[in-house]
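Work through the exercises below with the model open beside you. Try each task before you read its solution.

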Amino acid sequence: MYKISLDDFVHYNFLSEVKMSPDGKGAAYLVSWADEEENGYLTDLYWIENLCSDAMSIRLTATGRVKSFIWMGKNLAYTEYREADAGHPYGTTEIYSVSRYGTEPEKLCTAEGLVILEGELDSGRLAVSRVDNIAHQQALQGLTGSDYEKECARLKQEEKTASVFDEYPFWFNGIGTISKRRRTVYLLNTQDGTMERLTPFGFRTRYICVEGARILYSGGFVEPVEDDRMSAWMFEESSGETVCILPEKERHVYAVCLSGGKAVLVSSKMDRYSVAQCPDILLIDPKDGSRRVLCDYTREINVGNPVASDCRLGGGYVIRAYQDKLYFIMGVADASHLYSCDLQGNVECVFAKDGSIDCFDIQNGRIAMIAMHDMRLQELYALEKSAEAVRCTSWNDDFYLTRPPIMPEKCNFINQDGVEIHGFVIKPADYKAGNSYPAILDIHGGPHLSYGAVYYHEMQYWAQHGYFVIYCNPRGGEGRGNEFGMLCGRFGTIDYEDLMAFCDHVLEEYPAIDHGRMGVTGGSYGGYMTNWIIGHTDRFAAAVSQRGISNFVSMEGTSDIGTSFAQRQVMASTHTDIAKMWDSSPLKYADRCVTPTLFIHAEQDYRCWMVEALQMYTALIHHGVRTRLCLFHNENHDLSRSGRPGSRIRRLREITDWMDEFLKPEENTAVKSDK
């Protein structure tokens, strides 16, 4: 057996986008892995014929450049993107067709820009999406040949010189400046690569679903502020008509689906529990606009997978329609399960197991799902009438067998308000009764996410490195209903109480943990809580705040979600209750900090912009607190999950070295004396 190393994740295989074949005989899916040489990731397309325990996956592509794929009749269509050159200033997307049995791919056409496949219509045309710069499109209208190329070059040079903001949001995490950029839906003719715009000029599309001759999409206009409550539209190919089925500024939409020609919207008015409100599931008939509420927020349904992990890349379906039922992934306490809902609103559990279902698809009564079960990394599973999941792949068996994970132990308790809080403890790999060990409290992001019994590379590494790793789901998280998740306007109150009470409980249950050698870390909301904790207690010997908020006042005007976050999460703004925003900001309490603190942030993190780390770092260093800031170039808010391999390695090394310095002083002294 080998110990898990800091950089083992570069050898993991990440699965995503499983899609069943139309005949239900098998499934196609994507596999991604780290490319250390290029400091990035590669992705190829695979097919598995029989969804059973001894099935073999067939590799359909070998370039590592696959961006998207769909079923196109009995074959698969997939895309590869080519970078921009003089003749194609926005790059090109090559679209290929390949048989599921691994024949040589056939190039169908080339389209301008980065095109993503969304689905095939009955006519054979493909529904695709592309992010367009509508200001550029207007400037280039009517130009051809050298005139077109010259104007493109001029526009590109202007962008290098300066960015223009005239909308909100003006940038977006992982993308950069988004003023005048719109995700647009097109109809693509594979015979010649021509594309016909479907969505109105200036409309920014969020979610898309394709079924038969219909396309359902949601989104909204930016005039000049984008509203977080969207509209939804249905396109009917036979008539060429597009009908609005949900007007703008009524509901926030979380997911869309088509069921027998009717629209399914997972959406919320956010009128009772703000963003913590569980969504309604609406069924809308586009013919007359009639609506039926299959489940309202009081049923406390949620759609999607809230269980966090640092071992995923890519996405996939979270809701699908089959026959007269909807199937969807739902967060339940510390796991995500598969549920169904019929057209009368009857909800039942289809499959439940500790861990997470990351995406799935259903066809002919068979379900394929990519999941993290039994503390394994991602694998493909099949679910049939027996309701037992069969593991069909062994992509990550090598790590499971040679570097078996340390299983988390449940550590639940009842808090002072009588609410059960769910927690977990991972013991150090070298644990021996009677010895004393340091511990790291890890806090999840969100806050509307959760921790569960899933594989987490950083946690496993710290446990192998001699730490107890402790983590829990305080109030404010997902999967336990409206009241439990209602943290809006209460940041740093009940959540802080739950985290501190959890630490107290763990110390009672695990006397091997040294009270004086405890560290705390977390990212995003977890980074906010780390910032908050060091201003309200000195119980931790070291802290690492990752991509966290320190000042809600500055966050409101600099984040890609700042104004909506202030309105929906803090329940205040700088012009309605600036005192509340400042009272909820960790920076206000920075003068009380004594805990040595490392800040991890990324230059292109537009969710929690780097000013959040800079302010907290500056306050601590001027108050004499030992501190350090590691600012990553060319990375964004998702550094710990999808950042470049080299950056992720450096990040984890920075965190571990910081914890070692303050939580393992004797070992560090020995290392220094050896040097």
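**Exercise 1. Decide whether N173 is buried or exposed, then find what surrounds this residue.**

Solution. Start with the number. The relative accessibility of N173 is 8%. Buried means under 20%. N173 therefore counts as buried. Keep in mind that this is a predicted model.

Next, place the residue. N173 sits in the loop between β11 (171-172) and β12 (176-177).

Now list the neighbours, leaving aside those within four places in sequence. N173 is in contact with D560, Q604, D605, Y606, R607, N636, H637 and D638. Last, look at the side chain of N173. This side chain reaches the backbone nitrogen of Y606 at 3.5 Å.

**Exercise 2. Do the same for N551: where is its place, and what does its side chain reach?**

Solution. Begin with the location. N551 lies in the loop between β36 (542-546) and α8 (552-558). Then check the accessibility. At 7%, N551 counts as buried.

Follow the side chain. The side chain of N551 reaches the backbone nitrogen of V553 at 2.9 Å. Finish with the contacts, not counting residues up to four places away in sequence. N551 touches W582, S585, L587, E612 and Q615.

**Exercise 3. Compare the span of helix α2 with the expected value, then sort its buried and exposed residues.**

Solution. First, the length. Helix α2 covers residues 145-161, which is 17 residues. From first C-alpha to last, α2 reaches 25 Å. At 1.5 Å a residue, 24 Å is expected, and the value for α2 is close to that.

Second, the buried residues. In α2 these are E151, C152 and L155. Seen down the axis of α2, the buried residues fall within an arc of 105 degrees, so they line one face of the helix. A general rule helps here. An α-helix has 3.6 residues a turn, so residues three or four places apart point the same way.

Third, the partner. The buried residues of α2 pack against α1 (134-140).

Fourth, the other side. There, K150, K160 and T161 of α2 are exposed.

**Exercise 4. Explain why helix α7 counts as largely enclosed.**

Solution. Count the buried residues. In α7 (residues 525-534), 10 of the 10 residues are buried, so the helix is largely enclosed by the rest of the structure. The buried residues of α7 include Y525, Y528, W532 and I534.

**Exercise 5. Find the elements that the buried residues of α9 pack against.**

Solution. Locate the helix. α9 spans residues 562-570. Pick out its buried residues: G562, F565, A566, R568, Q569 and V570. Then trace their packing. They pack against α8 and α10 (578-583). Now step past the end of the helix. Just after α9, M571 takes a positive phi of about 60 degrees.

**Exercise 6. Test whether the protein chain agrees or disagrees with a compact globule.**

Solution. Take the rule. For 675 residues, a compact globule would have a radius of gyration near 26 Å. The protein chain has 25 Å, which agrees.

Add the box. The C-alpha atoms fill roughly 70 × 55 × 55 Å along the principal axes.

Check the inside. Buried residues make up 58% of the 675 residues. Then check the contacts with a separation of 6 or more. Residues 24 or more positions apart account for 57% of them.

Turn to the surface. The protein chain exposes about 27100 Å², and carbon and sulfur atoms supply 47% of that. Close with the secondary structure: 14 helices and 38 strands.

Definitions and conventions: Residues numbered from 1 in each chain as written. Predicted model: local features only at pLDDT ≥ 70, side-chain atom pairs only at ≥ 80, totals over all residues. Heavy atoms only, no water. Helix = DSSP H or I, 4+ residues; strand = E, 2+ residues; numbered from the N terminus. Expected span 1.5 Å × (residues − 1). Buried < 20%, exposed > 50% of the residue type's maximum accessible area, 1.4 Å probe, protein only. Arc of directions from axis to C-beta. Contact = heavy atoms within 4.5 Å. Polar contact = N/O pair within 3.5 Å; in protein donor to acceptor, adjacent residues only side chain to side chain. Rg over C-alpha atoms; globule rule 2.2 N^0.38 Å. Areas by Shrake-Rupley, 256 points an atom, 1.4 Å probe, with all protein chains shown as cover.
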